[in-house]
Amino acid sequence: MKILNVKSRSRDEFIAITEEIQQVVSSAGVIENGYCILFVPHTTAGITINESADPSVKSDILMMLNALIPREAGYRHLEGNSAAHVKSTLIGVSQLVAIVHNRLELGTWQGIFFCEFDGPRNRKVHIHLFDS
Ligand code: ZN
């Protein structure tokens, strides 16, 4: 298992990590074809795959998440970050990506994003590589 360290700078932020993950896959070398499991070990963050070409897409997703899940809504969790917990559960904390010829199998417009919902913080993404 490899660990990618991610430093967020805002409370809510999508951070592109495709190149960093691809570097881990490439440097592992031995995986010609297989699978990459990405796991975020946090309760107020997530990981998603979506369009990376137009940065407006990640802004739109964040805007709608904030509209759907307001920061204050009579939550009972006393830590004051319930909205972040809800967003984490909606987005999810893992992704599975196939590796084909030592490359992450992503569509032309797809990128992998670490999703911060309670930043700024130092975060981690666990990377598990499997040979098929
Ligand atoms: Zn909390």
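Hi everyone, let's start with a single residue: H77 is partly exposed, with a relative accessible area of 37%. Before I go on, please keep in mind that this is a predicted model. So why begin at H77? Because H77 is partly exposed, and H77 also serves, through its NE2 atom, as one of the protein donors of the zinc ion.

Let's stay with that zinc ion for a moment. Which residues hold the other donor atoms? They are E79 through OE, N81 through OD1 and H85 through NE2, and together with H77 the donors lie 1.9 to 2.2 Å from the ion. If you follow them along the sequence, the spacing reads H-x1-E-x1-N-x3-H. E79 counts as exposed, at a relative accessible area of 56%. As for geometry, the angles among the four donor atoms run from 92 to 151 degrees, and the site is irregular. The cut-off helps here: four donors count as tetrahedral if all angles lie between 85 and 135 degrees.

Now to the helix α3, which covers residues 82–91. Its buried residues are S82, A83, A84, K87 and S88. What lies over them? The cover includes β4 and the helix α2, residues 55–68. Just after α3 comes G92, with a positive phi of about 95 degrees.

That brings us to α2 itself. This helix has 14 residues and spans 20 Å from its first C-alpha to its last, close to the 20 Å expected at 1.5 Å a residue. At its start, a side-chain oxygen of D54 comes to within 2.8 Å of the backbone nitrogen of S56. Further along α2 you'll find L65. Is L65 buried or exposed? It is buried, at 9% relative accessibility. Setting aside residues up to four places away in sequence, L65 touches K87, I91 and F117. By contrast, if you look for T18, its C-alpha is 22 Å from that of L65, and the two are 47 residues apart along the chain.

Next, the nonpolar interior. The largest nonpolar core has 21 residues, and the members that touch the most others are I17, I21, L38, I112, F114 and V125. Two or more residues come from each of β1 (2–7), α1 (18–28), β3 (33–39), β4 (45–51), β5 (94–100), β7 (110–116) and β8 (122–131). There is also a second, separate core of nine residues, including F14, L62, I69 and C115.

Take I112 as a guide to the larger picture. What does I112 contact, once neighbours within four places in sequence are left out? The list is I15, A16, I17, T18, L38, I47, T48, I49, V97, L104 and L106.

Finally, a few backbone details in the loops. Between β5 and β6 (103–104) sits H101, and N102 is in the loop between β5 and β6 as well. Phi of H101 is near 50 degrees, a positive value in a residue other than glycine. N102 likewise has a positive phi, near 70 degrees. How exposed is each one? H101 counts as exposed, at 54% relative accessibility, whereas N102 is buried, at 16%.

One last stop is the loop between β7 and β8, where you'll find P120. The peptide bond from G119 to P120 is cis, with omega near -5 degrees.

That's my tour; thanks for listening, and I'm happy to take questions.

Note on methods:
Residues are numbered from 1 along each chain as its sequence is written. This is a predicted model: local features need pLDDT of at least 70, side-chain atom pairs count only at pLDDT 80 or more; totals for chains, interfaces and linings use all residues. Side-chain values use heavy atoms; hydrogens and water are left out. A nonpolar core is a set of buried Ala, Val, Leu, Ile, Met, Phe, Trp, Tyr and Cys residues joined through side-chain atoms within 4.5 Å. Buried means under 20% relative accessible area, exposed over 50%, partly exposed in between (1.4 Å probe, protein chains only). Helices (H or I, at least four residues) and strands (E, at least two) are DSSP runs, numbered from the N terminus. Contact means heavy atoms within 4.5 Å. Donors are N, O and S atoms within 2.8 Å of the metal (3.2 Å for Na, K and Ca); water is not among the atoms, so sites may look incomplete. Four donors count as tetrahedral if all angles lie between 85 and 135 degrees; four count as square planar and six as octahedral if opposite donors are over 155 degrees apart and all others between 65 and 115; anything else is irregular. The expected span of a helix is 1.5 Å times one less than its number of residues. A polar contact is a pair of N or O atoms within 3.5 Å; within protein, one must be able to donate a hydrogen and the other to accept it, and residues adjacent in sequence count only if both atoms are side-chain atoms.
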